[in-house]
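Q: Please take a close look at how the helices pack in this model, and at the nonpolar core. Keep it brisk.

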Amino acid sequence: MAKVKMSKNAASIDMTAMCDVAFLLLTFFILTATAKVPEPITVDTPSSTNKTKLPTDKLVVVTVGSGKENVFFDLKGREIRKRTLELMGDKYKMEFTEEEKNQFALMEGFGVPIEGLSQLLKLSSADRNKEGTQVGIPFDSINNQLKDWIYTARQANIELNPDGEELKFALKGDAKLQYPKIKKVMDIYQDQKINTFDLVTGLRGKDY
């Protein structure tokens, strides 16, 4: 008796559902991701295994580069930034327009003398972060604008949050930076009774 041969059909898998899930996940990650903000100075921070994250509000970060000045100031919190600029304008007898104040409130860290801040605010974000555009904030014994920025930031925070928490501080420096330069910034902190601050480091794996 002849054997009946069964026809073999190629197996197929419906990928529609899997493609839908993949695109949903991709859309989710794109919409929830935070773009990396361009920085005016590149700093190669020391490595550390500490995973503690810095707060995203009411935080002052002073970044120290490897150049002669190259000190940059960043203040998290739009209203505090705006009020800090107003107080600095009063101190240095300078007037900033409302548009400049709003632009400053949205800007990230900066590194120019206050006399050149208005000119910096007129530039686009890309032009601000071009190499050589921001020369750093003066912080020598004769013209210590960094100290004034720190002081007015604390003053602005007290005005806006009289019963709230104090500003937190962090220090970010290049791994190859000479200690005397970083110590100058630490001395400015300590002169204003800021004895607790974070050091910003890069994450690395544990050594086994």
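A: The crossing of α2 over α3 is right-handed. This is a predicted model. Helix α2 covers residues 78–91 and helix α3 residues 98–106. Their axes lie 8 Å apart, at an angle of about 130°. That angle is not over 145°, the cut-off for roughly antiparallel, and it is outside 65 to 115°, so the pair counts as oblique.

Which residues make the contact between α2 and α3? From α2 come R78, R81, K82, L85 and E86. From α3 come E98, E100, K101, N102, F104, A105 and L106. By class, this contact holds seven charged residues, four nonpolar and one polar.

Now take the other pair, α6 and α7. Their crossing is right-handed. The axes come within 10 Å and cross at roughly 40°. Angles under 35° would count as roughly parallel, so α6 and α7 are oblique to each other. On the α6 side, L146, K147 and I150 make the contact. On the α7 side, V185, I188 and Y189 do. Here the classes are five nonpolar, one charged and no polar.

Next, the core. Nonpolar side chains tend to be buried together in soluble globular proteins. The largest nonpolar core in this model has 36 residues. Those touching the most other members are V62, F73, F110, L117, L146, W149 and I150. Several elements each supply at least two residues of this core. Among them are the strands β2 (59–64), β3 (71–76) and β4 (168–173). The helices α2, α4 (117–121), α6 (145–160) and α7 (179–191) do likewise. The largest share, five residues, comes from α6. Two residues of α6, L146 and I150, also take part in its contact with α7.

F73 deserves a look of its own. Leaving out residues up to four places away in sequence, F73 touches V60, V61 and V62. F73 also touches G109, F110 and I137. Further contacts of F73 are L146, W149, I150 and A153.

Finally, the setting. The protein has seven helices and six strands. From the N terminus, the order is α-β-β-β-α-α-α-α-α-β-α-β-β. Of its 208 residues, 36% count as buried. Contacts between residues at least 6 apart in sequence can be split by separation: 67% of them join residues at least 24 apart.

Note on methods
Residues are numbered from 1 along each chain as its sequence is written. This is a predicted model: local features need pLDDT of at least 70, side-chain atom pairs count only at pLDDT 80 or more; totals for chains, interfaces and linings use all residues. Side-chain values use heavy atoms; hydrogens and water are left out. Axes are lines fitted to C-alpha atoms, for helices over the stretch in contact, and angles run from 0 to 180 degrees between N-to-C directions. Helices (H or I, at least four residues) and strands (E, at least two) are DSSP runs, numbered from the N terminus. A crossing is left-handed if the near helix is turned anticlockwise from the far one by less than a right angle, and right-handed if clockwise. Contact means heavy atoms within 4.5 Å. Ala, Val, Leu, Ile, Met, Phe, Trp, Tyr, Cys and Pro count as nonpolar, Asp, Glu, Lys and Arg as charged, and the others, Gly among them, as polar. A nonpolar core is a set of buried Ala, Val, Leu, Ile, Met, Phe, Trp, Tyr and Cys residues joined through side-chain atoms within 4.5 Å. Buried means under 20% relative accessible area, exposed over 50%, partly exposed in between (1.4 Å probe, protein chains only).
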